[in-house]
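User: I'm new to reading protein structures and would like a close look at one single part. Could you pick one residue and walk me through its surroundings?

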Amino acid sequence: MRGSGFRRCTRTSCNERAVATLSYNYSEQVAHLAPIHGVIEPHTYDLCLKHSQSLTVPRGFTIVIDE
C-alpha cells in the first residue's frame with residue numbers, strides 16, 4: 001500500500017481504513033486485537049472499525065483486547 005498514506009482492512013472486498021491489528025497465538029488459543037501497529041508484521045491482520053467490532057474467533061479461543 002505504498003503511497004496510500006494508510007493501511008486498508010484485510011477483509012475481502014473491504015476498502016476501509018484499518019484501525020486495529022489482529023494476531024493469533026494458536027498454542028495458547030488466544031486472539032489479540034490491538035490498535036494498529038506502526039510496522040506491518042507477518043501473520044497479522046489489519047481490520048477496520050466495523051470488522052474489529054464484529055470479530056469472532058474460533059471456538060475455545062479467548063479474545064484479548066489491548067487499548
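Analyst: Here is a walk around aspartate 46, starting with its strand and ending with its partners. Keep in mind that this is a predicted model.

First, where does aspartate 46 sit? Its place is in strand E3, which covers residues 45-47. Strand E3 belongs to an open sheet of four strands, laid out in the order E3-E1-E2-E4 with mixed pairing. E3 is an edge strand, and so is strand E4 (62-65): each of them pairs on one side only. If you compare neighbouring strands in this sheet, they are turned by 25° against each other on average, ignoring direction.

Now for the strand next door. As a bit of background, strands of a sheet pair through backbone hydrogen bonds, either parallel or antiparallel. E1 and E3 go for the antiparallel version, with three bridges. Across that pairing, threonine 21 stands opposite our aspartate 46 in E3. The two also meet through their side chains: a polar contact of 3.3 Å links the side chain of aspartate 46 to that of threonine 21.

Moving on along the sheet, strand E1 (residues 20-25) also runs antiparallel to strand E2 (residues 30-35), and six bridges join them. Here serine 23 faces histidine 32 in E2. The hairpin made by E1 and E2 has four residues between the strands, and glutamine 29 in this hairpin takes a positive phi near 55°.

Back to aspartate 46 and its charged partner. Side chains of opposite charge can pair when their charged atoms come close. How many salt bridges does a search of the whole structure find? Just one. Arginine 7 forms a salt bridge with aspartate 46, and the closest N and O atoms are 2.7 Å apart. Arginine 7 lies in the segment before E1, while aspartate 46 is in strand E3, so this pair ties together parts that are 39 residues apart in sequence.

Are the two partners buried or exposed? Aspartate 46 counts as buried because its relative accessible area is 7%, and buried means under 20%. Arginine 7 has 14% relative accessibility, so it counts as buried too.

Finally, who else is around? Leaving out residues up to four places away in sequence, aspartate 46 touches Arg7, Arg8, Cys9, Thr10, Ala18, Ala20, Thr21 and Ile36. You have already met two of the residues in that list: Arg7, the salt-bridge partner, and Thr21, which stands opposite aspartate 46.

Notes:
Residues numbered from 1 in each chain as written. Predicted model: local features only at pLDDT ≥ 70, side-chain atom pairs only at ≥ 80, totals over all residues. Heavy atoms only, no water. Helix = DSSP H or I, 4+ residues; strand = E, 2+ residues; numbered from the N terminus. Polar contact = N/O pair within 3.5 Å; in protein donor to acceptor, adjacent residues only side chain to side chain. Contact = heavy atoms within 4.5 Å. Pairing = 2+ DSSP bridges. Axes fitted to C-alpha atoms, helices over the stretch in contact; angles between N-to-C directions. Salt bridge = Lys/Arg side-chain N within 4 Å of Asp/Glu carboxyl O. Buried < 20%, exposed > 50% of the residue type's maximum accessible area, 1.4 Å probe, protein only.
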